[in-house]
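Let's take a walk through this structure together, starting with a small group of charged side chains and ending with the chain as a whole. Have your viewer ready.

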Amino acid sequence: MEEEMVENKQVTFKDYIAEGPPKETDMEVRVSKIELKPPEKGSGGLLVKNLYLSCDPYMRGRMRDYHSSYIPPFLPAQPIQGFGISKVLASDNPDYKAGDLISGFTSWEGYSFIYSFDRLRKIEQDEHIPLSLHLGLLGMPGFTAYAGFYEVCSPKKGDYVFVSAASGAVGQLVGQFAKLHGCYVVGSAGTNLKVDLLKNKFGFDEAFNYKQEPNLDAALKRYFPQGIDIYFDNVGGDMLDAALLNMRIHGRIAVCGMISVNSLSAAQGIHNLFNLISKRIKMQGFLQSDYVHLYEPFLKQVSDDYKQGKIVYLEDMTEGLENGPAALVGLFSGKNVGKQVIRVARD
């Protein structure tokens, strides 16, 4: 490739946040210069052009100076990082060549050098599957839904399934997987538009707006008069407490996320844990990275189901890296409808 100097737009992280949801002012959009040249010989690195970036709730945890999590915090004054789709411009790695499309961790910037290959994979393009869906449907959220539902929840045909944050990147797929498995499915969301999507686009049996329910326990009793077999928890907090009261004997709870408490510095207590004993409930937290051995069967099944029209997937696409901070912040107020993705560039 010919070496040249180009502008490289970046979203950098300012400093650690102790309390509350992130704000746009916690990040800064900068423009610097980068020399487009092959990685140094022997480095094993890649020079990539970033095409799409993923906004995910777990990124709030990386805005704390907390090193005991499963993923390290962001570095102040450095570009934030997350899952992305990139095009290889130059390679010093025999497993990758110029022109390859890849997904994995990258920096929030126009161009990046990549030297870590953990969770990086090549994308085999399919004309029937938009490239951006490799961040959602066929990416980390989709695989989280697949591993969490099929492996952690141990579903059976006829199970009563409840999904919170059900219109999000993970929840919309959990509900559809459950329907394909022969389950009865109810989802909760934070707007009437999202409730309508759950019932009329994603095929949930029922859905409700939790913000319009003064009593979550009563709401769940209304939708699950016989109780809940599986609760796929993306929320935590009061919703988890209410679900515990409504679980059936030998129910299963997959703890995927806790977006209701992601922005709190002090832990929030759960009051109804005795139900774990009296109802012999299995409650398990999990990470999709624990199940990487299932990725290939997941990729085949979900790709086939999507192309056959058995499942659908909704994205919320933001144009331009400069709008990335607003897109990320919007996750924590429920502004997004579907999987939040930022389009940085067209290949």
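**Salt bridges, then the whole chain**

A network of salt bridges links Lys97, Asp100 and Lys122. Keep in mind as you look that this is a predicted model. Within that network, Lys122 pairs with Asp100, and their closest N and O atoms are 3.9 Å apart. Asp100 sits in the loop between β4 (81-91) and β5 (101-107), while Lys122 belongs to strand β7 (residues 121-122), so the pair ties together parts that are 22 residues apart in sequence. How exposed is each partner? Lys122 has a relative accessible area of 38%, which makes this residue partly exposed. Asp100, with a relative accessible area of 9%, is buried.

Now turn to Asp159 and Arg252, whose side chains form a salt bridge with an N to O distance of 2.7 Å. Asp159 is found in the loop between α1 (140-152) and β8 (160-163), and Arg252 in strand β12 (residues 247-255), so this salt bridge ties together parts that are 93 residues apart in sequence. Asp159 counts as buried at 4% relative accessibility, and Arg252 counts as buried at 8%.

For a pair within one helix, look at Asp217 and Lys221, which meet in a salt bridge of 2.6 Å, N to O. These residues are 4 apart in helix α4 (residues 216-223), and therefore about one helical turn separates them. Asp217 is partly exposed, at 22% relative accessibility; Lys221 is partly exposed as well, at 41%.

Let's zoom out. Searching the whole structure gives 18 salt bridges. The chain carries 37 positive and 41 negative charges, and the mean positions of the two sets are 5 Å apart.

What about the overall fold? The chain's secondary structure amounts to 8 helices and 15 strands. Its radius of gyration is 21 Å, close to the 20 Å that the globule rule gives for 347 residues, so the chain is as compact as a globular protein of that length. Along the principal axes, the C-alpha atoms fill a box of roughly 65 × 45 × 35 Å.

Contacts and surface complete the tour. Among contacts between residues at least 6 apart in sequence, 70% join residues at least 24 apart. Of the 347 residues, 54% count as buried. The accessible surface of the chain is about 15,600 Å², and carbon and sulfur atoms account for 50% of that area.

Technical notes
Residues are numbered from 1 along each chain as its sequence is written. This is a predicted model: local features need pLDDT of at least 70, side-chain atom pairs count only at pLDDT 80 or more; totals for chains, interfaces and linings use all residues. Side-chain values use heavy atoms; hydrogens and water are left out. Helices (H or I, at least four residues) and strands (E, at least two) are DSSP runs, numbered from the N terminus. The radius of gyration is taken over C-alpha atoms; the globule rule is 2.2 Å times the number of residues to the power 0.38. Buried means under 20% relative accessible area, exposed over 50%, partly exposed in between (1.4 Å probe, protein chains only). Contact means heavy atoms within 4.5 Å. Accessible areas come from the Shrake-Rupley method with a 1.4 Å probe; for residues, only the protein chains shown count as cover. Lys and Arg count as positive and Asp and Glu as negative; His and the chain ends are not counted. The place of a charge is taken as NZ of Lys, CZ of Arg, CG of Asp or CD of Glu. A salt bridge is a side-chain nitrogen of Lys or Arg within 4 Å of a carboxyl oxygen of Asp or Glu.
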